[in-house]
Amino acid sequence: MIDSIRGFRYTQIMKNHGREYFPADKEKEGSFVKCPFCNKDNTHVVDSRPADDNCAIRRRRLCDDCGRRFTTYEKVETIPMTVIKKDQTRQEYDRSKIEAGVMRACYKRPLPIDEIREMIDRIELEIFNLEEKEISSNVIGEIVMDKLKELDAVAYVRFASVYREFRDINTFMDELKKILE
Ligand SMILES: [Zn+2]
């Protein structure tokens, strides 16, 4: 039973990448779920708990129309996300690749590691929230640059110079000037 497409997709993806996330948002819970007895969708969740070794979530629901209770299970499925590279080849999405690129860009910068990790989390969240099964590496690169720009100018320019393949020092300086202005 799917409560919320967005929440469910998010659950699947987070699970797929070694973490668990169950939408606890009360507004999401209970929406779209019809009562199996009277077919009205005026139901709400009275209890949620992990089931099936944390691979599912079991919810007790109450129908506000007929007062009956029923149970739904949300199964966590694995949907791998694919990254389309510049040469059009496909690769499975891998957080560690983003981490490696960001870490290289932040090398010897005065940035707390927690702040960098938090930024990577925000990058990943933005990627997942696109809800695409396939995502171009360009899109990922732009999201990374966007976040790096807010964090540290030098790290941003380092990343951009590799990513955008600056051909000469002038392009590099132009980019630098743009962000220092
Ligand atoms: Zn009912």
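**Helices 4 and 5 and the sheet**

In this predicted model, helix 5 (residues 153-163) has Ala-155, Tyr-156, Val-157, Phe-159 and Ala-160 buried.

User: What makes Phe-159 in helix 5 count as buried?
Analyst: The cut-off is 20 or more other C-beta atoms within 10 Å of the residue's own. Phe-159 is listed as buried, so it meets that cut-off.

User: Why are helix 4 and helix 5 called roughly antiparallel to each other?
Analyst: Their axes cross at roughly 160°. Angles over 145 degrees count as roughly antiparallel, so helix 4 and helix 5 get that name. The axes come within 8 Å, and the crossing is left-handed.

User: Which residues of helix 4 and helix 5 meet?
Analyst: Helix 4 brings Gly-141, Val-144, Met-145, Leu-148, Lys-149 and Leu-151. Helix 5 brings Ala-155, Tyr-156, Phe-159, Ala-160 and Tyr-163. By class, this contact has nine nonpolar, one polar and one charged residues. Gly counts as polar and Lys as charged, so Gly-141 is polar and Lys-149 is charged.

User: How do you know that strand 4 and strand 5 pair?
Analyst: Pairing needs at least two bridges. Strand 4 (residues 82-84) and strand 5 have three bridges, in the antiparallel sense, so they pass. In one of these strands, strand 5, Glu-92 is the bridge partner of Thr-82.

User: Why do strand 5 and strand 6 stand at the edges?
Analyst: The open sheet has the order 5-4-6, with mixed pairing. Strand 5 (90-92) and strand 6 (134-136) each have a single partner strand, so one side of each lacks a neighbour in the sheet. From one strand to the next, the twist averages 35°.

How values were computed
Residues numbered from 1 in each chain as written. Predicted model: local features only at pLDDT ≥ 70, side-chain atom pairs only at ≥ 80, totals over all residues. Helix = DSSP H or I, 4+ residues; strand = E, 2+ residues; numbered from the N terminus. Axes fitted to C-alpha atoms, helices over the stretch in contact; angles between N-to-C directions. Buried ≥ 20, exposed ≤ 12 C-beta atoms within 10 Å, placed from the backbone. Parallel < 35°, antiparallel > 145°, perpendicular 65-115°, else oblique. Left-handed = near helix turned anticlockwise from the far one by under 90°. Contact = placed C-beta atoms within 7 Å.
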